[in-house]
Amino acid sequence: MLSIMLAFILLYGIQLLHPAWWWVFLAPAVVGAVTARSGWSGFFGCGLGAGLAWSLAAILELAGDGSIVSGRVAAMLQVGRPWLLVLLTFAVAFLCGGFAGMAGYYLTGGRGKKAQR
Amino acid sequence: MKRVRFVFTAVIVLALFWALGRPWPVAGARIPPAGKFLSPFAGFWVSGRALDELPGDLTLSGLDGEVAVLWDDRRVPHIFAGNDYDAWFMQGWLTARDRLWQMEFQTDVAAGRLAEIIGSDGLDLDRYHRRIGLPLAAKNALEATSEHPASLTAVTAYAAGVNAWINSLSPADLPLEYKILDYSPEPWTPIKTALLMKSMALTLSGNNAERGMTLTREILGRDASNRLFPAHRPFTEPIVPKETPWAIPELVHRVPPDKLPTLTEWEFTPVVETEPKETEHATGSNHWAVNGSRTASRKPILAGDPHLPLSLPSIWYEIQITTPEYSAYGVSLPGAPGILIGFNRDIAWSETNGESDALDQYLLKFRNGDFEHYFHDGDWKPVSWITEEYRVRDGKNLKEKIAWTHHGPVPYLPGEKPFSPQLVPGAAMRWTAHDRSNEIRAFLELNRASDYNGFRSAIAHFDNPLQNFLFASQDGDIAIHHEGKLPVRREGQGVYLSDGTDSADDWPGWIPRGQMPRVLNPSRGYLGSANQNPVSSSYPYFLGNDFAPWERSARIFHLLDVMEAITPERMLAMQNDTVGLYARKLLPELLAALEGYEGTEQEMQGLKILRNWNHAYDADAIGPTLFDRWQRELLNLTWTDEITQGGFSGRRPKRDTTLQLILDDPGSAWFDDRDTEQIETFTDLALASFQATVSGLAERLGEPGEAWRWSAFRPSRLAHLGRIPGLGRTGLHTSGQYGVIRATTSTSGQSWRMVVALGEKPEAWGLYPGGQSGHPGSRHYDDFVDDWVRGEAYPLLFLDSPEDPVHGLAGRATFRGQ
């Protein structure tokens, strides 16, 4: 949960300041390196956080000025409805953020395994 | 173990970064780089952000002084600048703000650099543009432009304005198409403006029928070919009234020996099999002007509607430019300073394509397969070579040498397959667009002209593509000039492929500008043109033989003849006229040929529809569909057997020639089908073509009904300029046809409708199919399209000053230099 929240906040915050797309790797990688407890927790936590950050931003655009352009891009990519582009956006961010979070964990060991009760 | 896992996942991350950061070919198309493109912070999602907000007051580095800009409710910018430099700077800045991708893409294509953007798929078009010398033509034009200080100032100020906009963009701000195609804009330079003008020259004067005509001559013989393709087409009323006297001394031409170059006798030229093609112009333009003797206001009215291939973003950008010296309103080409078609306080002007022949192909004899020397006037002359380098995205770069002779470039050497089937391998092309010229100057001076003399001196700088310039002034003058650079040719020269070995076929000089066709204030009180031959046979110079048929111009002249107390509303209605004179002449003959015929139920239904049709190509009518198919079938049955021989085909004679045959000689041998034993006449072909028409339509569309309506059968579309799917408009239910005033085809049509009523203050109406914004995410990308389909036009807001009290302005801003 912590990874999800941190990845979401960090990625969304950084992207507002610097919109380059490759932050979808770097921000989750940092979160994975600091907070993950295992490779898979880094993958799913950071992946979900990144996916949610990108899809929320996409939904806000879709609801605002981006409604026309998303309709045209949906027609161009032949995906039918613009909201499917939100799913596609989520999928790409999830994949990138997930593997980056996992790599971050394997680089540092994250927070280590949870102590046995 | 963790280190191994890290390396493994790091490799996956790097692979994702690489794979999602580049475009991929999928099913013949390139999909955008998924990571970059789907990013909601920098990708396509933000390409709609704040697009429709207008700028507030700004400081722009490069401006000299202060410029006020007002946007009306259709987002047309009205520039008020203190000097010319600032006006053109702002025109560049504002146009780039709305149309940057279009501006750059058009000029990249003209420069032969498409492969840099889309990869090897663009290479054939690039090689075509470079081999026909388009970049070199632009370089020559820019040299000429640079010699005229005001023109140079215009193109450099415009470039500075464009660059000021480009420099303000972050990657996230780039127009959508850059993100789809994954590239970035480069600095704008004046050569791009020159390239844009040459691209227009190619569209309007690059058409060349000499290969098809030569094949036709080889099949039919010279006499028949000349008779079937006359320079002065039947039924045509020329632009210059027939009775106009010409004070031109008799011309003496050097005549070559009576030997005809053929395609087959030239050692290296292969014969290519082709199908006979529709030889009518799919595009053209109309304009007309009436003087005060025929208008309700007693002042002239001018109307113009250029017909061009249609696209989104539109070819035109609407703008008003005001400086202390002048104020002009109209449409500009995104990428070039000034206004091309429009009006100012004193005059209005509009162009149609002149259609005179500005390009000849010369068959060459090379000494051998090295192509280092070609034969000319008894000598082997050296070929010069220009090296072109092509950068190919994601592919191997290419370097090639292009041969040039004294005629011009040899786009394709013997044995090569030409990109355009009109070009003959082993032939050199002589095209006036290659010569030094400064068309920008003509428009800049036209924008500020205030009377006929100013108009005349402005357009004298216009060389290519040759245009009919129509003029009207509030002084009461109306005029039309067939203006441009055209060689002196003997009768028929340049209709067929020319002999590149003999200087008798070279161009000996130019028609003096003072002797080009023109009319000022004709007694009939009106003028007009619709791409028809500008002159009758009494004009001593030969201009070509590929002009538009009589139909549109005759309809225009007829309507103007019968109208009295003309108002702008009548002119606007006239631009929407859909009556086809060809149908009006031909259909009664066809129906008469079928008199008493008892056919199938569908055929009888079709005949009933045609008998009740009013010859108007209206969107909901079925008559146009039936007639259009019927006449096509008839032309095919009449000519295909005649002009196809030995595996290759010539040009099909034009439909007005066929109509004349039907009216004058329905038993002509041309109607006989050579492949049957019996002798067919027009009546036989009329019946056979009707039966084929109805059965073909029924097979394709079912019973006569909705699908047979003209606009359903032949809908129009505005494809995206870069052919990106989803970014154009399709299925537009338009009225019109290329032979009527409202000239519309599936891909071309009235690219700008304008009517200007001159007076104390000009009143004008206009509309183009598109929208002021070139951004697909904008509400103003295509907001004029539906009104264009309906045939409407908007009142144009001509402002005298930025302080004019106007309701409904969308925005206002002041721009200052730093």
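Author: A residue is called buried under 20% relative accessible area, exposed over 50%, and partly exposed in between (1.4 Å probe, protein chains only). This is a predicted model, in which local features need pLDDT of at least 70 and side-chain atom pairs pLDDT 80 or more, while totals for chains, interfaces and linings use all residues. Residues are numbered from 1 along each chain as written, chains are lettered from A and ligands numbered from 1 in the order written, and side-chain values use heavy atoms, without hydrogens and water.

Reader: How many salt bridges does a search of the whole structure find over all chains?

Author: A salt bridge here is a side-chain nitrogen of Lys or Arg within 4 Å of a carboxyl oxygen of Asp or Glu. Counted over all chains, the search of the whole structure gives a total of 48.

Reader: D394(B) and R30(B) are linked as a pair; how many residues apart are they?

Author: Their side chains meet in a salt bridge of 3.8 Å, N to O, although D394(B) is exposed at 58% relative accessibility and R30(B) is partly exposed at 25%. With helices (H or I, at least four residues) and strands (E, at least two) taken as DSSP runs numbered from the N terminus, D394(B) lies in the loop between β16 and β17 of chain B and R30(B) in strand β2, so that the separation along the chain is 364 residues.

Reader: Is E400(B) buried or exposed?

Author: The salt-bridge partner of E400(B) is R131(B), with the closest N and O atoms 2.9 Å apart. That pair links helix α5 of chain B, which holds R131(B), to strand β17, which holds E400(B), across 269 residues. R131(B) has a relative accessible area of 6% and is buried, and E400(B), at 9%, likewise counts as buried.

Reader: Where does R436(B) lie in chain B?

Author: R436(B) forms a salt bridge with E143(B), the closest N and O atoms being 3.1 Å apart, and the relative accessible areas, 36% for R436(B) and 35% for E143(B), make both residues partly exposed. Because E143(B) sits in helix α6, the pair ties together parts 293 residues apart in sequence, and the place of R436(B) is the loop between β19 and α12.

Reader: Which residues does H148(B) touch, not counting residues up to four places away in sequence?

Author: H148(B) lies in the loop between α6 and α7 of chain B and is buried, with a relative accessible area of 16%. Counting as contact any heavy atoms within 4.5 Å, and leaving out residues up to four places away in sequence, the residues touched are N438(B), R441(B) and E445(B).
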